[in-house]
Amino acid sequence: MDSIIVRGNGPLKGQIPIAGAKNACLALMPATLLSDEPLTLTNAPRLSDIRTMSELLASLGAEISTLQEGKVLAASCHGEINPVADYDIVRKMRASNLVLGPLLARLGHAVVSLPGGCAIGARPMDIHVDALTALGAEIELKEGYLHAKTRGGLKGATHEMRFASVGATENFLMAASLAKGTSVLKNAAREPEIVDLATCLRAMGAQIEGDGTSEIVIEGVDRLHGATHPVVADRIELGTYMLVPAICGGEVECLGGRVDLIESFCERLDAAGISVEQTKDGVKVSRKNGRVRAVDVVTEPFPGFPTDLQAQMMALLCTAEGTSVLEEKIFENRFMHAPELLRMGANIEVHGGHATVHGVEKLKGARVMATDLRASVSLILAGLAAEGETVVSRVYHLDRGYERVEDKLSAVGAQIERVKAD
Ligand code: UD1
């Protein structure tokens, strides 16, 4: 397995381009199952999770081609569709569950394996099942597979989710777009990736209003057509690279970034003493003098502080002046990076869903192990600020969500290299 070696070398300066959002693209790609005409996604990120979704869609009968070095994905689903999403592919990535809604809408039946993905909590499927059941699906769990069917197709309905699940909102949106009649989803997730999916579905002919709020209204249509849609910029990649100058000093402009997609995070950076500015090309971040101030962080559904930036923020707070408390309210087991940061000299105590970080003046390079996608990059950030060499192993997690991380960081002056496994 590949490793990444990072050597802390002081302030970094330059520009980093932000890719299309992984999480938006993973929801947009299954929308191809809803139409027999082609769906073209521009600004797609080049990531292993995107390749896994392509593999899954191909196994269901879609034809996927990647153009312009993988930045454009063209998907078409005009032939026969296989309703079975097999365990061998689905286990690689939780977002595979996003084929359930579209398959049900297009075929009236589907068999989808329970998903895998980062081991950051239980991540059950009950909210998806309840949402699709409200639209008239009958769903049973048999031998690790969800067996779903409808009697005469999906029917519009009003449903309130017990929690604003991102994936369940996406499945509901896609399914309700082809259901008969009007659907209303209450307590819907409001993440920018949902708005991006709704925008794409509208371009395909869907009638959706209220995305970006907690109540979405969908008027079902008989068929959807093809469309071309640009994937929204990745706010999590943006936040991650905004932390580079915050943690090592210097100034970095993240090209294509939008602060309006990441306001709660920017507000915490401001409280920590980091300057953030929206420029015409992106987001410029700088830290000039002195140590960062400790701040408390609570992760919440959008527009709250994103759980997907909690690990990276913890890396920053390890060297802050004072004590910070991070509360994780989305995933119960999302502090696996803490023991690795301890190996680098951090002072962190974890109690259930809270982590208390007592800032230290300097981190020290160490051999550490990536445990999930965002944890991996938090260790790289910590390595950029540490004295000496940090070796991060198991970086396959990183490749699921960050394209060319070592190239992007080298371009702003970081000493970082990938060591290929034999
Ligand atoms: C998506 C993101 C992920 C992000 C998360 C929260 C993608 C591909 N992934 O994941 O990066 O961290 O949103 O912002 O977009 N839950 C249930 N039952 C369900 C579904 C979810 O209990 O049926 C729980 C989960 O265990 C978790 C919480 O709800 O504790 C949030 O999950 P959800 O919003 O569904 O996240 P994902 O869509 O899986």
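**Exercise 1. Around the ligand**

Which residue has a polar side-chain atom 2.9 Å from an oxygen atom of the ligand? Find it, then describe the shell.

*Solution.*

Before we start: this is a predicted model, where local features need pLDDT of at least 70, side-chain atom pairs count only at pLDDT 80 or more, and totals for chains, interfaces and linings use all residues. Residues are numbered from 1 along each chain as its sequence is written, and side-chain values use heavy atoms, with hydrogens and water left out.

Step 1. The residue you want is R162, whose polar side-chain atom lies 2.9 Å from a ligand oxygen. That fits the cut-off for a polar contact, a pair of N or O atoms within 3.5 Å (within protein, one must be able to donate a hydrogen and the other to accept it, and residues adjacent in sequence count only if both atoms are side-chain atoms).

Step 2. Now try the backbone. A polar backbone atom of I127 is 2.7 Å from an oxygen atom of the ligand, and a backbone N or O atom of G167 is 2.8 Å from a ligand oxygen.

Step 3. How covered is the ligand? On its own it exposes 730 Å², and the protein buries 88% of that (Shrake-Rupley method, 1.4 Å probe; for residues, only the protein chains shown count as cover).

Step 4. Count the shell: 19 residues surround the ligand, and the closest are D126, I127, S165, D308 and I330. A residue joins if one of its heavy atoms lies within 4 Å. By class there are 8 nonpolar, 5 polar and 6 charged residues. Here Ala, Val, Leu, Ile, Met, Phe, Trp, Tyr, Cys and Pro are nonpolar, Asp, Glu, Lys and Arg are charged, and the others, Gly among them, are polar.

Step 5. Helices α5 (126–134) and α6 (166–177) each give two or more residues to the shell, and α5 has the largest share, with 3 residues. Helices (H or I, at least four residues) and strands (E, at least two) are DSSP runs, numbered from the N terminus.

**Exercise 2. Two domains**

How many residues of domain 1 are in contact with domain 2? Work it out, then link the domains to the ligand.

*Solution.*

Step 1. Set the bounds: domain 1 is 3–18 + 233–419 and domain 2 is 22–230, as given by an automatic or database domain assignment.

Step 2. 22 residues of domain 1 are in contact with 19 residues of domain 2, where contact means heavy atoms within 4.5 Å. The domain centres, taken over C-alpha atoms, are 31 Å apart.

Step 3. Back to the ligand: each domain supplies at least three residues to its shell.

**Exercise 3. I18 and H337**

Is I18 buried or exposed? Decide, then do the same job for H337.

*Solution.*

Step 1. I18 sits in the loop between β2 (12–17) and α1 (22–28).

Step 2. I18 counts as buried because its relative accessibility is 10%; buried means under 20% relative accessible area, exposed over 50%, and partly exposed in between (1.4 Å probe, protein chains only).

Step 3. Leaving out residues up to four places away in sequence, I18 touches several residues, including A233, L238, Y241 and K408.

Step 4. H337 belongs to helix α11 (residues 337–343). At 1% relative accessibility, H337 is buried too. Beyond residues up to four places away in sequence, H337 touches Q310, A311, M314, T371, A375, S378 and L379.
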